[in-house]
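Colleague: I am new to this structure. Please take a close look at one part, the space enclosed inside, and then carry on from there to its surroundings.

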Amino acid sequence: MGPLSTSSGDLPYQHAVTLLFVYLKWTFSYWDRKGFPSTGVSIPFGALESVTKGKRSFGLAIHDLYQSTREPVVGMYLTVRPALLVRDAQLAHDVLVKDFASFHDRGVYVDEKNDPMSANLFAMEGASWRALRNKLTPSFTSGKLKAMFETSNSVGDKLIANIKAQLPETGIKELDIKSLTSTFADPNNEFFAISKKLNRNTFQDIVRGATSFLYPGLEKFFVKIGWKQEAFERMRELSNRTVDLREKNNLVRRDLLQLLLQLRNQGKINTDDSVWSAESTKNGVKSMSKDLVAGQLLLFYAAGFETTASTTSFTLYELTQNPEVMAKAKEDVRSAIEKNGGTLNYDAISDMKYLEACVLGLHHDEDNFPDPLSYQPERYLEDNKNYNQAAYLPFGEGPRMCIGARMGKVNVKIAIAKVLSNFDLEICKEKREIEFGIHGVTLMPKNGIPIRFSLKNYWDRKGFPTTGVRVPFGAMESVTKGKRSFGMAIYDMYHSTKEPVVGIYLTLRPALLIRDAQLAHDVLVKDFASFHDRGVYVDEKNDPMSASLFAMEGASWRALRTKLTPSFTSGKLKAMFETSDSVGDKLIASMKAQLSETGSKELELKRLMATLEKFFVRIGWKQEANERMRELSNRTVDLREHNNIVRKDMLQLLLQLRNQGKG
């Protein structure tokens, strides 16, 4: 046998393999040649090997690398593209701020000339980026956000309506808050459909996402040969259609698109927060193409949609696992709304400092954030910042930090404030970590974010402290169990709190228990015009016997009260004295009859004095008692009127009113 030989046809293949091997070895030694420590050197995918195997998302893969070393700066490889992971917080801060002039571009795909929709604020570079940033900055002032508040607030109302529609009148139901915050009222709306296409896990979308961020030259080639992305085309069509509708009909809506239309038609965003018209002032000359407008819309939606939904959902989930934090957040929302006239407005949202700390309370590096896995919103408050502030980068930092940071916080706080104001969220019995999915750039929950909701009780919705919230009997629970009388149950409620006013529930009926004496006096006297009826049963027309002075309302009550008042003058009481005195004599005679001539005997005084109560007990149920009283009253009235019998008592005065029109 002779030596093994290789045919000439195999040589090109061998050369190609050799060249590929040399290329990969050379590429994956980049940081060694530069003298940097490196990690995740797994040919050919580098730090993204776990992503390609379907084990981790992009964000978690980077997190793994961050945790795999203690070096302040470490080289890594995003497939065959070298990248530097800066772990030192102060150095990262300096790169973004102090040394921004050397690190001003993101290095992702952008082609202003041939693909203007790619020229969004995130991707643009150099002078073009700075010019657009300066033009867009007035869109996010506090004045503009305040003017756009009602638009955001109305979206929040749709979220609340959607949740309410899925909850039973009583009881608790588990809902996926991530799904709810993503879809709001209409899971079939066009924006949501586009967002789903942006986050699909298809081969095409993975390739285009990778080339856009890692290989901009290759992405430019794909665009040049006409390889379109469905999500981008859908956004282009939706944006163009909406722009045409607003411009042709001069429609004005206070939102970001309206400000982009001002920039397109007028060359700048109007600094007057009361002016939102986007009519052209430049003889039809447009300073922004429709594609450029669509590009910004896609950026703002893609950057704001998923982050807002996730932040809202994660924060609410953390609150359900930390009852003390939940209570503080609820109080922060309640007090801010109360401070601003009982209305959830922009100023109220701005006043919710503790809630904002809850929203931003998620960082995991123990070197920069002590006890990082403990949910401590207090650490982010102005007077209690016990963390490395250079490491606090929820929106980035420096000239390229998120331009919509304030808008993002406002929208998240609106959603959380509305949820806390309208629903009760069940506290988790034990803390559980959310399992993250393996798709998407941002952290995405694998199986949603389950939270158990119930409709908020009446007094919570009104912003009042409550006590005795026990479904279904409320403050009457001890009464229904035969442990307390009605009066003692209310007494218990009174002593269960120190609040001046507290909401209670008389079974399913909300009632307000006023503990503050002066306030109670004012309700009964000074503010009587607002609290003149008792709210008990009365039906003058169909059940005239129910129309007692206690139950009657409004003008009918006042008329009867005026007629009956003369019955209780000192003169009338003096005239009736002998009648009352004779009843007293009967009481004494009854007691004497039960006592012996000598010695003592215990008597039940309450029984002796409550002969009328004894009568009602003897005749049974209330309705039977009513009928017996009706029969007794009618018989006595007939007897006196037919025989002209006069007796100095209350019935005689009522007969005067009946027969003479006055007492």
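Modeller: What follows starts with the enclosed space and then moves outward to single residues.

First, the ground rules. This is a predicted model, in which local features need pLDDT of at least 70 and side-chain atom pairs count only at pLDDT 80 or more, while totals for chains, interfaces and linings use all residues. Residues are numbered from 1 along each chain as its sequence is written, and side-chain values use heavy atoms, with hydrogens and water left out.

Now the enclosed space. How many cavities of 30 Å³ or more does the structure hold? There is one. A cavity here is a set of points on a 1 Å grid over the protein atoms alone, where a 1.4 Å probe fits but cannot get out. Grid points are joined across faces, edges and corners, and the volume is the space filled by probe spheres set on them. By that count, the largest cavity holds about 40 Å³.

Which residues line it? They are Leu 145, Met 148, Phe 149, Ser 152, Met 407, Val 410 and Asn 411. A lining residue has an atom within 4 Å of a point. Two elements each give two or more residues to this lining: helix 8 (149-166) and helix 19. Helix 19 supplies the largest share, three residues. Helices are DSSP runs of H or I with at least four residues, numbered from the N terminus. As for character, five of the lining residues are nonpolar, two are polar and none is charged. In that split, Ala, Val, Leu, Ile, Met, Phe, Trp, Tyr, Cys and Pro are nonpolar, Asp, Glu, Lys and Arg are charged, and the others, Gly among them, are polar.

Stay with helix 19 a moment longer. A loop runs between helix 18 (353-359) and helix 19 (405-422), and Cys 402 lies in it. UniProt, in an unreviewed entry, lists Cys 402 under "binding site". Its positions follow the numbering used here, feature names are shortened, and annotations may be inferred rather than shown by experiment. Is Cys 402 buried, partly exposed or exposed? It is partly exposed, because its relative accessible area is 36%. The scale is simple: buried is under 20%, exposed is over 50%, and partly exposed is in between, with a 1.4 Å probe and protein chains only.

Asp 371 also sits in the loop between helix 18 and helix 19. Its phi is positive, about 50 degrees, although Asp 371 is not a glycine. Most residues other than glycine have a negative phi, and most peptide bonds are trans. Asp 371 is partly exposed, at 48% relative accessible area.

Two further backbone points deserve a look. Asn 644 is another non-glycine with a positive phi of about 50 degrees. Its place is in the loop between helix 29 (622-643) and helix 30 (650-660). Asn 644 counts as exposed, because its relative accessibility is 64%. Then there is Pro 44, joined to Ile 43 by a cis peptide bond with omega about 10 degrees. Pro 44 lies in the loop between helix 2 (30-34) and helix 3 (49-52).

Next, the cysteines. The structure holds zero disulfides, a disulfide being a pair of cysteine sulfur atoms within 2.5 Å. Why does Cys 358 have no such bond? The closest cysteine sulfur, in Cys 428, is 15 Å from its own, so it is too far for a bond. Cys 358 is buried, with a relative accessible area of 0%.

Gln 262 is buried as well, at 0% relative accessibility. It lies in helix 14 (residues 256-266). Its side chain reaches the backbone nitrogen of Asn 270 at 2.9 Å.

Last, some separations between C-alpha atoms. Arg 241, in helix 13 (residues 230-249), is partly exposed at 37%. Arg 241 and Lys 290 are 49 residues apart in sequence and 9.8 Å apart in space. Ser 335 is in helix 16 (residues 323-339) and is partly exposed at 28%. Between Ser 335 and Asp 157, 178 residues apart along the chain, the separation is 20 Å. Phe 213, in helix 11 (residues 203-214), is partly exposed at 45%. Phe 213 and Arg 432 are 219 residues apart in sequence and 34 Å apart in space.

Conventions
On a 1 Å grid over the protein atoms alone, a cavity is a set of points where a 1.4 Å probe fits but cannot get out, and a pocket is an open set with protein on both sides within 12 Å along at least five of seven lines; lining residues have an atom within 4 Å of a point. A polar contact is a pair of N or O atoms within 3.5 Å; within protein, one must be able to donate a hydrogen and the other to accept it, and residues adjacent in sequence count only if both atoms are side-chain atoms.
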